[in-house]
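Here's a quick tour for anyone opening this structure for the first time. Have a look at it, then read on.

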Amino acid sequence: MSRDHVQSASRSAAAGASLSSAETPFLELLARGASADAYEQPVLLARAEGRPTERIVALEQAKLLALRVRSELEGRRRREAELSALFETAHDLAGLRDLDAVLQAIVQRARSLLGTDVAYLSLNDPARGDTYMRVTEGSVAARFQQLRLGMGEGLGGLVAQTARPYVTDDYFKDDRFQHTLTIDAGVRDEGLVAILGVPLMLGHHVIGVLFAADRRARVFEREQIALLGSFAALAAAAIDTANLLTETRSALADLELANEIIRDRSGVIERASDVHDRLAELVLRGGGVHDVAAAVSEVLDGMVEFTEAAAAPAQALEASRAEGHAVRHDDDWIAAVAAGGELLGALVLCGHPGLDPVDQRTLERAAMVTSLLLLARRSAAEAEQRVRGELLDDLLDARDRDPRLLRERAARLDADLDAGHVVLAARLDAVAADADQEAAARRRLWSAASHLAATRHGLAAARDGGTVLLLPLEAGDTATDLARRTARHLGTAVHEAVTVGASAPVEDLAAHPDAVAAAYEEGRRCLDALRLLGRSGDGAAAEDFGFLGLLLAGDRDIAGFVDRTIGRVVAYDERRGTDLLRTLDAYFACGMSPARTKDELHVHVNTVAQRLERVGRLLGDDWQSPARALEVQLALRLHRLSAPGQR
């Protein structure tokens, strides 16, 4: 090998090593879920240290790649939550047969998904060449509910004519579509301002428009438009199914004398009903994508396989996704498995060149069910954690006092509220360097606690800057043992010291939900006592302290109490030369009124708001709650008295 070749290879290896080295800090940022601003720090640090240009260029490239990965991860998390809602919608629609019930379910779910004031659906009238209001949800104006829109008239008429979604954040100021007196009067009666409309498509044909609207100015985000579009696709399929069943019943009534035709049509109906029942059963019992493929294989009398997007014929797969139909590829049929613009794979019917329209539609619906199953599985764990947290929140707040409903909700989570339980308050002891790191640490603690609760048939929720758990107490176990095991388990899971305070055992929680809130306060007092005693990373229950444990909450270590309560604010003022402490004093002296506080300090009310916002970031979001506010005021008074020259 020549000397030039050796040098070239060395330079290439060095460049590769440099790029790999440059990616390391950004991988760490991705791992801990840092904010987008944090990705500038490695580049700025390299420039400040006078690193070579090649190193800085490599860092810039790695930064852009990491930001793309971060954006993709955030997008996937959003899609998981949205598609979980779509899965629930498909589940609701699976059992509907009546067209009116289908349409009512569509607008109700659309309004719920986007959180709008009004949702409504219009259907095209081919005979009259216009589109008319069929179903509304949240509407109060009779004239609005009876509107008919000519093709191209109003926002809805434009959507129906162009087969494209349209959105306006202020209807009456938008001149992209044709305003008419009739339509504008109806919209004005309803008080609508922001409107989003998406077409209901069957193939290339628009059968109607699905709307979501607010009575105030609102900007619909791209993800919300995509979500409503995905729901509209599901809604169109549901409408098509309802229409098909209606047409079938009509055809059976009209063709009673034509036995051969009836037998043929009955075979089609049985096949469609069979696949519908099979797919519905699979969804209900939590089947997987391969179960769907096997069920459709039996119905279509052919081999149906699920393949990854990369393994399917690219041109046919893209055509299927764009058209919304299964397409033929040689002797096979390809149905894209997609959701929200993301290709998840394909269902391939092998060696079956002849396929009638009903069987083609069966394959397409199977692909839709497959996409919902795939996306639902992604967020199943997170959804279960959220449901467990919601039930525990309701118990802590005593919102749902019906013992039967509480027991049913707990049973669905494999929890038994009639058994003896212990309420545990857990909190991290390490102080995070910044708010992002603190939020990430709290998420890790909540995730670990949720996993522990799920494996122990309990509940967990984020609360008061930490985590609260409701765990069953096994025979022969004590609340102290459970608290210590939980502290060790959570500390190992998050790689940080976690302190856990436990209540005394509580019984019959479904009938006495107030007991959960009282037990949580008891657990928090134990947690505070542990931290005051310097036993970070340990666990203890009320039984370990007796009455002394209650007294420990009023620690006589004045300097320590002040430092724990407002130390971060004191340190911030000393470092920055700010007046946060003086602002807090004035704020409490003025009855927690920002308007009176600004007069006391002779500053603008925005300045008061900004200072209080900074205090919130230093002390935590709950610093103005009654208990915390009392502690803060006491700490302020003690700080003033302990300062030189103060009395």
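Leu73 sits in helix 3, and it is partly exposed, with a relative accessible area of 38%. Keep in mind that this is a predicted model. The bullets below start at the surface and then work inward.

**A patch on the surface**
- Which residues form a nonpolar patch on the surface? Leu73 does so with Leu65 and Val69, and together they have about 220 Å² of accessible area.
- Leu73 makes it into this patch because its relative accessible area of 38% is over the 30% cut-off for patch residues.

**The chain as a whole**
- You'll find 23 helices and 15 strands in the chain.
- The chain has 647 residues, and 44% of them are buried.
- Its accessible surface comes to about 32900 Å², with carbon and sulfur atoms accounting for 52% of that.
- Take the contacts with a separation of 6 or more: 60% of them are between residues 24 or more positions apart.

**The nonpolar cores**
- How many residues does the largest nonpolar core have? The number is 28, and those with the most contacts inside it are Val292, Val296, Leu300, Val304, Leu347, Leu349 and Leu363.
- Several elements give two or more residues to this core: helix 3 (53-94), helix 10 (289-300), strand 7 (303-307), strand 9 (332-339), strand 10 (342-350) and helix 12 (357-378).
- Helix 12 is the one that gives the most to this core, with seven residues.
- Apart from this core there's another one, of 27 residues, including Ile106, Ala110, Phe220 and Ile239.

**Leu349 and His352**
- Leaving aside residues up to four places away in sequence, Leu349 touches Leu300, Gly302, Met303, Val304, Asp331, Asp332, Trp333, Leu355 and Leu363.
- Where is His352 found? Look in the loop between strand 10 and helix 12.
- With residues up to four places away in sequence again left out, His352 touches Leu300, Asp301, Gly302, Asp331 and Trp333.
- His352 and Asp330 are 22 residues apart in sequence, while their C-alpha atoms are 9.4 Å apart in space.

**Cysteines**
- If you go looking for disulfides, a search of the whole structure finds zero.
- Is Cys526 buried or exposed? Cys526 counts as buried because its relative accessible area is 6%, and the cut-off for buried is under 20%.
- Cys590 is buried too, with a relative accessible area of 11%.

**Two loop residues with positive phi**
- Some background first: most residues other than glycine have a negative phi.
- Asp464 has a positive phi, near 55°. You can spot Asp464 in the loop between strand 12 (459-463) and strand 13 (466-472).
- Why does Asp464 count as partly exposed? Its relative accessibility is 26%, so it falls between the 20% limit for buried and the 50% limit for exposed.
- Asp508 has a positive phi as well, near 50°. Its place is the loop between strand 14 (498-502) and helix 17 (514-532).
- Asp508 is also partly exposed, with a relative accessible area of 27%.

Note on methods. Residues are numbered from 1 along each chain as its sequence is written. This is a predicted model: local features need pLDDT of at least 70, side-chain atom pairs count only at pLDDT 80 or more; totals for chains, interfaces and linings use all residues. Side-chain values use heavy atoms; hydrogens and water are left out. A nonpolar core is a set of buried Ala, Val, Leu, Ile, Met, Phe, Trp, Tyr and Cys residues joined through side-chain atoms within 4.5 Å. Buried means under 20% relative accessible area, exposed over 50%, partly exposed in between (1.4 Å probe, protein chains only). Helices (H or I, at least four residues) and strands (E, at least two) are DSSP runs, numbered from the N terminus. Contact means heavy atoms within 4.5 Å. A disulfide is a pair of cysteine sulfur atoms within 2.5 Å. Patches are made of residues with over 30% relative accessible area and no salt bridge: like charges are joined within 9 Å, nonpolar side chains (Val, Leu, Ile, Met, Phe, Trp, Tyr) within 5 Å. Accessible areas come from the Shrake-Rupley method with a 1.4 Å probe; for residues, only the protein chains shown count as cover. A salt bridge is a side-chain nitrogen of Lys or Arg within 4 Å of a carboxyl oxygen of Asp or Glu.
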